[in-house]
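Biologist: Could you pull up the model and let me quiz you on the labels you put on it? I'd like to hear the reasoning behind each one.

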Amino acid sequence: MLKPLNRRELLAQAGAAGLPLCVGAFASPALAQQGYPNKPIRIVVPFNAGGATDVLTRLIGEKLSARLWQPVIVDNKGGAGGIVGTDNVAKAAPDGYTFVVSLNSSLLTNQFLYDKLPYHPQRDLTLVSQFVNSPVTLVVHPSIPAKNGPELLRYMAANKGKLSYGSWGVGSYAHLAGYSMSESQKADMVHAPYKGEAPMLQELIGGQIQMSYASALAAKPHIEAGKLKLIGVTGLKRMAVLPNASTLAEQGLTDEFYRIAGWIGMAAPAKTPKDIIARVSSEIQRICVMPEIVEKISSMGFTVAASTPEAFAAAYKKDYPVWERLVKTSGARLDS
């Protein structure tokens, strides 16, 4: 008699056979709850597979599947800086079976960067829960004689028109914050946008640019190797992955853009039933305090920020005018 396969063995055989896998595809129907959910849940990540948002979504999606007893399918729909996938969810049926997990760029900032978005974040989407806050590092080439934020600002002011700063794209935090630093010191720094962090950091290491903001995950190896000098980190709390790095706010830099951090969060189509939103949010909050999840989040340079829909909305409202000001002051546009 053949021995019945357990869930792990079924997954292994399906993967070996080249069958498409989804998180929790073999949850027991006998244990599935009555009512919601009673079919697979789709979470759209509006970026290509392999990035931090995708990795985090799959990690949490696996736990969510186990708690809801339904498959959670992660669907990567990259394109146009997160617009394509986010719009797909904004136009989906508001039945609790389609969600988007994305950065603050597609859920908040893009509305200031584009004259015509195919969706309106506040009208077409409803917030479910933040997952994490994503502060970043401020790093410089080792030749820059500054050890902290105030010293760097003074150096910028004393070298007007001689410095360049990098970003992973027009309208990114690295662009907007770098521009604001330059403006505050009348430094006339040159902005060098790149297609991603990797080429940006290589140019910084090579000395083609002198300064940039970068994720802890990407910058830490170069900091530890002495190829980059760490000035500080954004946000209000130190990073677990770089515990000795003080925040720029601790260093006395008071402008709001030093204090805010990017984030990754979940949203659903507008008019999704409130009880479903509350249920999914509650499960995410429980998942994000699991020790193994906290450890993974910390290792990525993020901090746990799982919240109720109401708390997420309050944080969104607080961040809104800061991002709006940063974009308008910089003059950044992506569709003109």
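Modeller: Sure, and keep in mind that this is a predicted model.

Biologist: Then why is His141 called buried?

Modeller: Buried means under 20% relative accessible area. His141 comes in at 18%, so His141 counts as buried.

Biologist: Where does His141 sit, and what does His141 touch?

Modeller: His141 is in the loop between β5 (137-140) and α6 (149-158). Leaving out residues up to four places away in sequence, His141 touches Leu204, Ile205, Gly206, Gly207, Ile209 and Gln210.

Biologist: What makes the pair His141 and Ser143 a polar contact?

Modeller: The cut-off for such a pair of N or O atoms is within 3.5 Å. The side chains of His141 and Ser143 are joined at 2.8 Å, so the label fits.

Biologist: Let's step back into β5. How do you know that both faces of β5 are covered?

Modeller: Thr137 and Val139 are buried on one side, and Leu138 and Val140 are buried on the other. That is the pattern to look for, because side chains in a regular strand alternate between the two faces of the sheet.

Biologist: What makes β5 a partner of both β8 and β9?

Modeller: Two strands pair if there are at least two bridges between them. β5 and β8 (residues 211-214) have 4 bridges in the antiparallel sense, and 4 bridges also join β5 to β9, again antiparallel. Both therefore pass the cut-off. For individual residues, Thr137 has Ala214 of β8 as its bridge partner, while Leu138 stands opposite Gly232 in β9.

Biologist: What order do the strands of that sheet follow, and which ones are the edges?

Modeller: The open sheet has 5 strands in the order β7-β6-β8-β5-β9, with mixed pairing. β7 (190-193) and β9 (229-233) are called edge strands since each pairs on one side only. From one strand to the next, the twist averages 25 degrees.

Biologist: And what about the sheet that holds β4?

Modeller: That one is an open sheet of 6 strands, ordered β2-β1-β3-β10-β4-β11, and its pairing is mixed. β2 (72-76) and β11 (303-304) each have a single partner strand, so one side of each is left without a neighbour in the sheet, which is what makes them edges.

Biologist: How do you know that β4 and β10 pair?

Modeller: Same test: at least two bridges are needed. β4 and β10 have 8, in the antiparallel sense, so they pair. Leu125, for instance, stands opposite Pro269 in β10.

Biologist: Which helices lie across β3?

Modeller: Among them are α3 and α4. Helix α3 (residues 83-90) lies across β1 (41-45), β3, β4 and β10, at about 150 degrees to β3. Helix α4 (residues 104-113) lies across β3, β4 and β10, at about 70 degrees to β3.

Biologist: On to α11. How do you know that its span agrees with that of a helix?

Modeller: At 1.5 Å a residue, the 14 residues of α11 (residues 274-287) should span 20 Å. The end C-alpha atoms are 20 Å apart, so the two values agree.

Biologist: Which residues of α11 are buried, and how do you know that they are on the same side?

Modeller: The buried ones are Ile276, Ile277, Val280, Ser281, Glu283, Ile284 and Ile287. They cover an arc of only 160 degrees around the axis, which puts them on the same side of α11. Lys274 and Asp275, on the other side, are exposed. The buried residues pack against several elements, including β4 (125-134), β10 (262-269) and α13 (309-330).

Biologist: Now the backbone oddities. What makes Trp69 and Lys186 stand out?

Modeller: Most residues other than glycine have a negative phi. Trp69 has a phi near 55 degrees, and Lys186 has a positive phi of about 55 degrees. Trp69 lies in the loop between α2 and β2; Lys186 is in the loop between α7 (173-185) and β7.

Biologist: Why is Lys186 called exposed, but Trp69 partly exposed?

Modeller: Exposed means over 50%, and partly exposed lies between 20% and that value. Lys186 has 56%, so Lys186 is exposed, while Trp69 has 30% and therefore counts as partly exposed.

Key. Residues are numbered from 1 along each chain as its sequence is written. This is a predicted model: local features need pLDDT of at least 70, side-chain atom pairs count only at pLDDT 80 or more; totals for chains, interfaces and linings use all residues. Side-chain values use heavy atoms; hydrogens and water are left out. Helices (H or I, at least four residues) and strands (E, at least two) are DSSP runs, numbered from the N terminus. The expected span of a helix is 1.5 Å times one less than its number of residues. Buried means under 20% relative accessible area, exposed over 50%, partly exposed in between (1.4 Å probe, protein chains only). The arc is that of the directions from the helix axis to the C-beta atoms. Contact means heavy atoms within 4.5 Å. A polar contact is a pair of N or O atoms within 3.5 Å; within protein, one must be able to donate a hydrogen and the other to accept it, and residues adjacent in sequence count only if both atoms are side-chain atoms. Axes are lines fitted to C-alpha atoms, for helices over the stretch in contact, and angles run from 0 to 180 degrees between N-to-C directions.
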